[in-house]
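Trainee: Before I use this model, I would like to go through the terms and what supports them.
Mentor: Then let us look at it and take the terms one by one.

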Amino acid sequence: ARVDKAGHKHFMSKEIAEQPTVISEAINFYLTNDGKDIALPGEGIDFKSLNRLTMVACGTAYYACMTAKYWFEQLAGMPVEVDIASEFRYRQPPVTDGTAALFVSQSGETADTLAALRYCAGKADQILSVVNVPESSIARESNLALPIHAGAEIGVASTKAFTCQLTVLLLLALKAAHMRGKLDDDALTDLLSKLRGLPATLNNAMAIEESVQGVSQSLSKVKDVLFLGRGMMYPLAHEGALKLKEISYIHAEAYASGELKHGPIALIDEKMPVVVLAPRDALFDKTISNMQEVMARGGKIILLTDQAGADEVSEDVWQTIIMPEIDPVLSPILYALPAQLLAYHTAVAKGTDVDQPRNLAKSVTVE
Ligand code: G6P
């Protein structure tokens, strides 16, 4: 079927707007009828017999893996290794007994990711993949391919595939936590019911678009932007920086908030805005103290937080974008939205070719 822009100016904006719908489709695909458990296709995954998960991907899919590492470690107590496919494939990493190798790819055809999969075949206990195209090479060469149900993604910069990848990876981490006895039935039911509420929250969060548009007008005039985050917001900072450079051609870099003083703080001046991703979670105070270090050096802050967070920060933050409250476990999926919208509106303000950015391809099937 031909996919059109459904009244949107760009595929990217259509795909951003579709996220509540496609995420709910992904959730519904994996939940049992009573909504209390996760049913994986085929033989499923015996997480009890595994002692390590190795996740490999490229680009945005790599940042989905980086986020999932926090979920698998914190919820399921599973050791996780995450790597970029082009590095992993040539490093000759040992794949030890009890390892499941998991490859995340929207297209399922990325050359480096496929090569990394082939390297693990015969070495890992199980080859798993999280893909958007079920008939792709990566899906076909996996023991178990888990679809993300994002639907066709046309914009070169990945948006809905990213949040659907996160959704499926979170479901896997929850399944692993439950099977490994780290999450009891009630805790699982509770998190699953919160996850079912996420599409509605994401829909409400679309209300930030106007204020993001305002901020983006200013962003479109700068040369460099720094993104900071801690914990699960750290991979999101990377994704935000990647989106911005991909479509607006503005140099953007992400740092773990705690690394600020080990280098990037030297760059801070009034010309480089700093996007701080900081929902009011357990790490909020730490991130905010890093934010204050930036402000003390004249840095201009764009703070992405919730109302509780904004209430605690009374100083002169340049711009604050208020997100709905969310369980911290789910925050990476929700905070993908402002990261995407910032990049999108900045690119629109600059007049770049949003859906077909220069030098980039949707699917990189050559090395
Ligand atoms: C290209 C695309 C990115 C994507 C990456 C990995 O660079 O432009 O949006 O994240 O490939 O693609 P995959 O299909 O493996 O997810």
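**Sheets, helices and the ligand shell**

Mentor: Five strands, in the order β2-β1-β3-β4-β5, make an open sheet with parallel pairing. Strands (E, at least two residues) and helices (H or I, at least four) are DSSP runs, numbered from the N terminus. Two strands pair if DSSP finds at least two bridges between them.

Trainee: What makes β2 and β5 edge strands?

Mentor: β2 (80-84) and β5 (144-147) each have a single partner strand, so one side of each is left without a neighbour in the sheet. On average, neighbouring strands of this sheet are turned by 20° against each other, direction ignored.

Trainee: What kind of model is this, and how are residues numbered?

Mentor: This is a predicted model: local features need pLDDT of at least 70, side-chain atom pairs count only at pLDDT 80 or more, and totals for chains, interfaces and linings use all residues. Residues are numbered from 1 along each chain as its sequence is written.

Trainee: How do you know that β3 and β4 pair?

Mentor: DSSP must find at least two bridges, and 6 bridges join β3 (residues 99-105) to β4 (residues 126-131), which run parallel. Ala 101 stands opposite Ile 127 in β4.

Trainee: Which strands form the other open sheet?

Mentor: Its order is β7-β6-β8-β9-β10, with parallel pairing. β7 (251-256) and β10 (319-323) are the edge strands, each pairing on one side only. Strand β9 (residues 301-306) is joined to β10 by 5 bridges, which meets the requirement of at least two.

Trainee: Why is α3 called largely enclosed?

Mentor: A residue is buried if 20 or more other C-beta atoms lie within 10 Å of its own, exposed if 12 or fewer, and partly exposed in between; C-beta atoms are placed from the backbone. In α3, 15 of the 18 residues are buried, so the helix is largely enclosed by the rest of the structure.

Trainee: How do you know that the span of α3 agrees with expectation?

Mentor: The expected span is 1.5 Å times one less than the number of residues. For the 18 residues of α3 (residues 59-76) that should be 26 Å, and the end C-alpha atoms are 25 Å apart, which agrees. Gly 77 follows α3, with a positive phi near 60°.

Trainee: What makes a residue part of the shell around the ligand?

Mentor: Its C-beta atom, placed from the backbone, must lie within 6 Å of the molecule. The ligand is surrounded by 16 residues, and the closest include Gly 59 and Ser 105. α3 gives the most to this shell, with 3 residues.

How values were computed:
Axes fitted to C-alpha atoms, helices over the stretch in contact; angles between N-to-C directions.
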